[in-house]
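Subject: Handing over the model

Hi there,

Here is the structure I promised to pass on to you. Please have a look at it first, and then read on for my notes.

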Amino acid sequence: MSVRSAASLCIWAAFAALAIAVASCSSQKAAPPQPPPQQLLGDLKPVVSVKELMRDMIDPASDFVFDAVSDVSTKSGIVQNRPKTDADWERIRFGAVTMAEGVYLLKVARPFAPPGDENDSKGENPPELSPAQIKAKIEKDPVMWNAKIEALRNVGLQVMDIVKRKDVNELWDAADNLDAACENCHVEYWYPGQKVTMPELDRKIQELYGPLTKTPKK
Ligand code: HEC
């Protein structure tokens, strides 16, 4: 018998003796409850509400993309922002990765707004849903909420891919997709009344600026 197998035999013998000792003890007294094993993954605990996650993470991350391809009118004319340097592309990647990973934090149960914040949900035809209304909508159809989350993640992945190829034209299209991914979720869960209140908005504009449809010239 080798030294190693002799040693392991000894260890097993010791374990067996221990097991017998434990068994005889436990027959006298029930073992105390064991704490659950520590998990490295899982048990994610939120820090902020959905509203704050949007304001402080998703929204600033999206600006890395939106601002990178934008035409801004200034006093001295229109400034065309396009990514040129490696650092420019790197910033876009920061945004894409933050969105692709960060949007999954919406899968962690968290309040929709900070305590006491009811959104603009009071009065007649309120523009926004209350946090409780948003929660109820998601609980009724979690599949749709998850689909909106995946839609934003997909745009994040698309932008990460574009950064590798440094394709400015594709980035323009991706910025449109990004805008749509944000809006499609908001119009469902944040301000669904907006669809309904468009005629209302038209009426108000007409009150202020007169009829929108021009009267035909004679
Ligand atoms: C899966 C759904 C979802 C997606 C995708 C999403 N949002 Fe939101 N967002 C919400 C909800 C819900 C609220 C309203 C939370 C509340 O007020 O209770 C919100 C609120 C916001 C707010 C308001 C924060 C405040 O302080 O009032 C901003 C800004 C925002 N989102 C930006 C974005 C941008 C930019 C994107 C896309 C890059 C995006 N969101 C994508 C669900 C989403």
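Let me start with one residue: is K148 buried or exposed, judging by the other C-beta atoms within 10 Å? The answer lies in between, because K148 has 19 other C-beta atoms within 10 Å, while a residue needs 20 or more to be called buried and 12 or fewer to be called exposed. K148 is therefore partly exposed. Please keep in mind that this is a predicted model.

K148 sits in helix α5. Leaving aside residues up to four places away in sequence, K148 touches N184, C185 and E188. The C-alpha atoms of K148 and V103 are 9.7 Å apart, although 45 residues separate the two along the chain.

Now the ligand, which is probably what you will open up next. There are 24 residues around the ligand, and K148 belongs to the group that comes nearest, together with M54, S62, C182 and C185. Two or more residues of this shell come from each of α2 (50-66), α4 (131-140), α5 (142-165) and α6 (168-189). The biggest contributor is α2, with seven residues. By class, the shell around the ligand holds 17 nonpolar, three polar and four charged residues.

As for the overall layout, the chain has seven helices and two strands. In sequence order they follow the pattern α-α-β-β-α-α-α-α-α. The chain counts 218 residues, of which 16% are buried. If you take the contacts between residues at least 6 apart in sequence, 66% of them join residues at least 24 apart.

One helix pair deserves a description of its own. Two packed helices are described by the angle between their axes and the distance between the axes. For α2 and helix α3 (residues 86-102), the axes come within 7 Å and cross at roughly 145 degrees. The crossing of α2 past α3 is left-handed. On the α2 side, the residues that meet α3 are M57, I58, A61, S62, F64 and V65. Their partners in α3 are R91, I92, F94, G95, A96, T98, M99 and G102. This contact is made up of nine nonpolar, four polar and one charged residues. S62 thus appears in two places, since it is also listed among the residues that come nearest to the ligand.

The largest nonpolar core has 28 residues, and V65, I92 and V159 are the ones that touch the most other members. At least two residues of this core come from each of α2, α3, α5 and α6. Its largest share, seven residues, is supplied by α6. As general background, nonpolar side chains in soluble globular proteins tend to be buried together. Setting aside residues up to four places away in sequence, I92 touches F64, V65, A68, P83, V159 and V163.

Finally, two backbone details for your checks. N119, in the loop between α3 and α4, has a positive phi of about 60 degrees although it is not a glycine. N119 is partly exposed, with 19 other C-beta atoms within 10 Å. K166, in the loop between α5 and α6, is not a glycine either and has a positive phi of about 50 degrees. K166 counts as partly exposed because it has 14 C-beta neighbours inside 10 Å.

Happy to talk it through whenever suits you.

Best wishes

How values were computed
Residues are numbered from 1 along each chain as its sequence is written. This is a predicted model: local features need pLDDT of at least 70, side-chain atom pairs count only at pLDDT 80 or more; totals for chains, interfaces and linings use all residues. A residue is near a molecule or strand if its C-beta atom, placed from the backbone, lies within 6 Å of it. Helices (H or I, at least four residues) and strands (E, at least two) are DSSP runs, numbered from the N terminus. Ala, Val, Leu, Ile, Met, Phe, Trp, Tyr, Cys and Pro count as nonpolar, Asp, Glu, Lys and Arg as charged, and the others, Gly among them, as polar. Two residues are in contact if their C-beta atoms, placed from the backbone, lie within 7 Å. Axes are lines fitted to C-alpha atoms, for helices over the stretch in contact, and angles run from 0 to 180 degrees between N-to-C directions. A crossing is left-handed if the near helix is turned anticlockwise from the far one by less than a right angle, and right-handed if clockwise. A nonpolar core is a set of buried Ala, Val, Leu, Ile, Met, Phe, Trp, Tyr and Cys residues joined through C-beta atoms within 7 Å.
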